[in-house]
Structures are given as C-alpha cells and as structure tokens.
Amino acid sequence: MSSVSAYYNGKNVLITGATGFMGKVLMEKLLRSSPDVKAVYILVRPKAGQSMQERVANMLKCKVFDRVREDCPNFHEKIKPINAELTQPKLAISAEDEEELLTRINIVFHCAATVRFDEPLKHALQLNALGTQRLLELARQMQNLEAFIHISTAYANCIRKCIDEIIYPPPAEPKKLFDLIEWLDESIIEDITPKLLGDWPNTYTYTKALSEYLIQQEKGNLNIAIIRPSIVGASWHEPFPGWIDNFNGTSGIFIAAGKGILRTVIANNEAVADMIPVDVAINLTLAAGWYTAVHRPKNMLVYNCTTGGINPFFWGEMEQYVMSTFKRNPLEQAFRTPNAHLTSNYLINQYWITVSHKAPAILYDLYMRLTGRKPRMMKIINRLHKSMTLLQYFSTQSWDWSSENMNMLMSHLNTEDKKLYNFDVRQLHWSEYIESYCLGAKKYLLNEDMAGIPAAKQHLRKLRNIRYAFNTTLLVIIWRIFIARSQMARNIWYFVLRKEAKDFLMLMAIGDTCFT
Ligand SMILES: CCCCCCCC/C=C\CCCCCCCC(=O)SCCNC(=O)CCNC(=O)[C@H](O)C(C)(C)COP(=O)(O)OP(=O)(O)OC[C@H]1O[C@@H](n2cnc3c(N)ncnc32)[C@H](O)[C@@H]1OP(=O)(O)O
Ligand SMILES: NC(=O)C1=CN([C@@H]2O[C@H](COP(=O)(O)OP(=O)(O)OC[C@H]3O[C@@H](n4cnc5c(N)ncnc54)[C@H](OP(=O)(O)O)[C@@H]3O)[C@@H](O)[C@H]2O)C=CC1
C-alpha cells in the first residue's frame with residue numbers, strides 16, 4: 001500500500017507553473033498515482049491571445065497526458081484553473097477565487113518562475129522573488145494548508161563550490177531590491193544589473209537565491225520544503241521515456257548538435273554534468289510533499305535533487321553518447337553530419353566557430369539568396385552562440401551538492417513507494433538515458449517519426465558526398481592558385497608529374513618485357 005499516493009487522495013492541491021515543463025509532469029503524476037485526489041487547482045494566466053480556459057483545454061490535449069487519459073478518462077474534471085498573474089499584487093486572483101483557495105487548499109507546489117538566464121532583472125525579481133513572497137502571503141492565510149513545496153534550483157547558490165542543504169545568505173536584501181525596482185527607471189536597472197549580480201552569473205540564479213531567503217524569512221508557521229533540482233532533462237520512465245517539451249538546458253544543444261549545426265561547445269570534459277530526469281525530480285517533489293505534511297519536520301528541509309555526488313556523469317561522456325545516438329538515429333534534414341566536440345580552450349573554440357559555424361552558414365545563406373529564398377542560417381548560429389555564452393558557466397565547472405535529505409527521504413519510503421516514486425538515481429544508466437533523451441527530443445520536440453530514419457540516413461550520405469565533392473574542388477582551386485603564383489610550387493609540381501610519367505613508362509616497359 002502506497003502511503004504517498006494515499007496521502008494525496010482526498011486532498012485539494014494548488015500548483016503554480018502547471019503549464020510549464022515540470023508543472024505538467026507533476027500534475028500528470030499526481031492525477032495518475034492518486035486518482036482520488038479531490039481537486040488540482042492551477043494558477044494560469046491568459047497568454048498569446050488565448051484565454052485561460054483555451055490554454056488549459058489545449059494543454060490537456062498534450063501527449064504528456066496520454067497515460068492518465070487512458071487510466072482515468074475523466075481526469076480533466078479534477079483540474080480547476082484559476083486566473084492569476086504572479087507579477088501582480090495579490091497575484092491578480094479574484095476575491096471569489098481567493099476565498100475558495102483559502103478555505104480548500106491542503107498542499108501548494110510552487111513551480112512558476114522565469115527560467116531565462118537573460119531575463120531583465122526587474123521582471124525576474126517581480127516573478128521569482130516578489131511572486132514567491134505574494135504566494136507565501138496567500139498561503140499563510142490558508143486555513144487547511146498542510147505543506148508548501150517550493151521548487152528552487154541547485155544553482156541558486158552557484159557562487160559556492162560545495163552546496164549543503166541549507167539556506168545561504170542572500171546576494172542582497174530582497175526588500176531593498178523591491179524598493180529599487182519600484183521607483184528606478186527600467187533602463188537604469190538594466191545598466192546597474194551587472195553590479196547588482198556581483199558573482200552571480202545571471203538574473204535567474206540571483207532571483208532564485210533571493211526567493212529561498214525570502215521563504216526562510218517569511219514562512220511564519222508554514223510547513224515548508226525546498227526542492228533544488230540541477231539540470232532537469234527529459235523523463236527517464238514516466239509518463240514516457242524521453243518525454244521533453246522545451247529547448248532549455250541541454251535539450252536545445254542536443255538538437256543543434258544532432259542537426260549538425262553545432263560543432264564546437266565550450267565545456268570541460270572532466271566536469272560533472274549534473275542532470276536529473278524530470279520524472280525523478282517530480283517523484284522526489286511528491287514524496288517530499290507527503291513527508292513535509294505527515295512528518296512535519298521541525299526545521300524547514302532543503303532537498304538538493306542532484307546526481308553528481310551519487311552517480312556522476314561527465315560532459316565528455318555526454319558528448320560521446322549524444323553523438324553516437326544521432327549517428328545511429330539521425331535527425332531529419334540535418335544541415336551537416338553530426339560532429340560536435342567539446343573544448344575548454346577559448347581560442348580553439350573561436351577557431352572552430354569561424355571555420356565550422358560561421359563559414360558554412362555564410363555559404364548556405366549565399367546559396368539561399370542565389371536561389372531566391374530567405375537566408376536564415378546566420379541568424380540561427382548567432383542565437384546558438386548567445387545561448388552557448390549563457391550556458392558555458394555551467395558546463396565548465398563542477399559543484400558538490402550534499403544529498404543527505406534525499407537519502408533520508410528515501411529511507412522513509414515503504415517498498416511500494418520506493419517503486420512508485422522512484423528517485424534512486426543510482427539506478428540510472430547514463431548511456432541508455434541519454435539515448436532515450438535524444439530520441440525523445442527527436443519525437444516530442446521535433447515531431448519526427450522513427451520510420452523516417454532510413455531517409456534521414458540517406459540524407460546524411462548525400463551530405464557526405466557533397467562534402468567530398470566540395471573539399472576536392474576546394475583543394476584543386478587552392479592548388480591551381482598556388483601553382484599560378486609561385487615558381488617554386490610550379491617546379492615541384494612539374495618534377496612530380498615528370499617523375500610520375502617516368503615511373504609509368506618504366507612500368508609499361510617492364511610489362512612489355514614480361515609478356516613478350
Ligand atoms: C554534443 C552535446 C554536448 C553537450 C554540451 C552541453 C553544454 C552545456 C549545456 C547546458 C548546460 C545547462 C545548464 C543549465 C543549468 C541551470 C538549470 C536551471 O536551474 S534552470 C532551467 C534552465 N534554463 C535554461 O536553460 C534557460 C536558458 N535559455 C535562455 O535563457 C534563453 O532561451 C536563451 C537566452 C538561451 C535564448 O533566448 P532567445 O531570446 O534567443 O530565444 P528564445 O526566445 O528562448 O527562443 C526562440 C525560439 O528558439 C527556440 N530555442 C531556444 N533555445 C534554443 C536552442 N538552444 N536550440 C534550438 N532552438 C532553441 C525556442 O523554443 C523558440 O522557438 P519558438 O520561437 O517558440 O518556435
Ligand atoms: N527546467 C530546469 O532545468 C529546471 C527548473 N527548475 C525550476 O523548476 C521550476 C519549473 O521550471 P520549468 O517547468 O522548467 O519552467 P517553464 O518555463 O517550463 O515553466 C514556467 C511556468 O511558470 C509559469 N509562469 C511564468 N510566468 C508567470 C506569471 N507571471 N504568472 C503565472 N505563471 C507564470 C509559466 O506559465 P506560462 O505557461 O503562462 O508561461 C509556466 O507554467 C522553476 O521554478 C525552475 O526554477 C529548477 C532547476 C532546473
């Protein structure tokens with residue numbers, strides 16, 4: 001009998017960020033593993049011209065809900081969308097909705113955030129820090145709340161090399177920053193952002209660090225836990241192996257490498273690639289929700305949800321597994337044959353960027369222009385370089401996260417829960433996981449059918465022949481130019497030709513003698 005599943009049955013759960021990558025997996029697992037959950041309230045904003053209702057209806061059609069749709073066809077009846085905007089005072093929730101939440105909610109999972117590294121500081125503060133503060137304010141008034149689970153990131157304290165499961169001093173006093181963004185002009189905030197960030201690499205990690213501190217300061221009597229996942233990757237098993245729906249973290253890089261666009265990456269082969277499958281992070285989150293509500297630990301627990309200390313995996317290995325998967329299972333319409341390499345040398349990287357990224361992009365765009373089409377490769381390459389610059393902070397260093405609370409939680413699960421909410425990352429086989437991740441990116445992100453693999457292989461063969469033809473032509477042209485310009489090169493060339501001709505005549509003569 002599963003204690004975790006049983007706990008959620010009959011409960012009213014509130015999820016923020018339910019339309020996002022992790023939020024969807026959380027909602028799906030909750031509805032599938034605890035089919036008698038009373039209701040799942042989700043805070044949703046209208047977006048891109050779609051009303052909240054339209055967004056939720058579209059979301060529920062997603063592939064990620066196929067399994068729960070099969071197991072519990074009426075699962076959608078449990079979902080109660082609430083119009084909300086986390087950057088607004090009182091989260092822009094109507095008085096009526098607020099009343100409902102205050103009387104009903106038993107557990108809150110706070111996943112909403114902006115995860116963009118280049119988010120302007122003002123917006124990142126408003127959403128990640130101030131939004132968390134406002135949600136806490138709401139949670140403090142909830143009459144039946146048993147647990148509040150906040151999703152942070154393992155990199156919130158990335159300025160430290162060893163990260164324990166504790167709250168560290170914040171980069172700045174949050175209240176002072178909130179005052180600042182209230183009256184300071186946005187352009188001035190942009191100007192002083194690097195100074196404010198100090199050692200923090202981006203506004204994302206900075207504001208996530210602030211939100212952890214805010215929680216500690218303002219939790220009051222709430223029963224809170226903080227989950228810190230590292231780089232969240234495609235799912236390991238649930239709802240489907242390899243399920244992924246966004247280009248964040250490593251996903252966009254895998255695809256760019258598989259398409260043959262990305263050839264060089266700044267990364268340290270020996271640094272730990274701390275990746276955690278999304279279903280593992282969600283299993284831990286649900287188990288932590290149960291533990292927080294039922295065992296009510298005296299102190300707020302922080303769970304580092306990482307793999308490096310338990311089952312380490314390195315960027316160099318990731319390169320091998322990704323390349324080998326895409327060579328065996330190519331993506332359709334690749335730009336070039338997949339062949340990406342990691343280097344930690346800035347100059348070598350710049351060289352390959354010029355030779356293998358920019359030069360082919362310029363040639364391709366020229367070809368597109370000549371054939372009357374819109375050039376686009378240089379734009380893609382520039383976007384890729386921007387992401388690589390933002391990601392390299394994470395791919396060139398290693399961190400040590402302690403995982404005592406993760407182990408402690410596992411020891412509290414019964415045998416059935418250990419299976420149902422598996423977050424034992426010792427069982428992860430990285431080569432198999434990365435293969436399934438790459439295939440998932442192909443299927444779920446690019447909507448490519450596995451039946452198209454023979455055609456994709458044929459396309460790669462065509463690309464190889466084009467490369468051979470191009471290289472041979474280039475060599476001949478270079479040689480001709482060289483010959484035309486240098487007397488010495490001409491002399492060597494004629495000497496070689498004469499020697500070849502002499503050898504050839506001699507062979508003929510030998511042949512004649514033998515046969516006569
Ligand atoms: C051979 C393999 C070797 C592997 C080596 C790997 C090296 C290291 C790699 C990775 C380390 C990762 C370390 C992460 C650690 C932290 C973890 C966490 O705690 S948080 C979660 C993470 N959060 C992010 O990952 C946000 C990063 N993304 C951003 O900040 C932005 O998206 C940014 C600046 C990278 C791009 O911004 P824009 O404005 O240029 O583009 P936009 O608006 O995001 O997207 C435009 C379109 O391009 C697609 N796109 C975005 N990134 C793409 C990409 N990399 N490749 C292809 N398409 C991409 C999008 O889906 C979008 O498509 P449409 O217009 O909607 O159709
Ligand atoms: N993905 C990763 O690698 C990692 C993620 N995390 C953390 O996990 C959590 C979830 O991340 P992930 O699912 O990847 O992120 P996504 O970007 O996929 O999802 C973000 C969610 O937040 C919602 N949201 C954004 N702005 C607002 C707003 N103003 N008002 C209401 N809702 C809003 C989004 O809604 P909408 O659909 O309307 O935009 C979306 O549902 C975050 O807290 C993140 O910091 C931690 C470590 C790694």
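1. A polar contact here is a pair of N or O atoms within 3.5 Å. Lys208 makes one with ligand 2: a polar atom of the Lys208 side chain sits 2.7 Å from an oxygen atom of the ligand. From the backbone, an N or O atom of Gly20 lies 2.9 Å from a ligand 2 oxygen, and Phe21 likewise has a backbone N or O atom 2.9 Å from an oxygen of ligand 2.

2. Bear in mind that this is a predicted model, with local features needing pLDDT of at least 70 and side-chain atom pairs counted only at pLDDT 80 or more. Residues are numbered from 1 along each chain, ligands are numbered from 1 in the order written, and side-chain values use heavy atoms, without hydrogens or water.

3. Now the surroundings of ligand 2. There are 25 residues around it (a heavy atom within 4 Å), and Thr19, Arg45, Arg55, Glu85 and Tyr204 come nearest. By class, that shell has 13 nonpolar, 7 polar (Gly counts here) and 5 charged (Asp, Glu, Lys, Arg) residues.

4. What about the second largest pocket? A pocket is an open set of points on a 1 Å grid where a 1.4 Å probe fits, with protein on both sides within 12 Å along at least five of seven lines. This one has a volume (space filled by the probe spheres) of about 200 Å³.

5. Its lining (an atom within 4 Å of a point) has 13 residues, with Asn349, Gln350, Ile353, Thr389 and Gln392 nearest the centre. Helix 13 (a DSSP H or I run of at least four residues) gives the most, 6 residues. The lining splits into 5 nonpolar, 7 polar and 1 charged.

Technical notes: Helix = DSSP H or I, 4+ residues; strand = E, 2+ residues; numbered from the N terminus. Polar contact = N/O pair within 3.5 Å; in protein donor to acceptor, adjacent residues only side chain to side chain.
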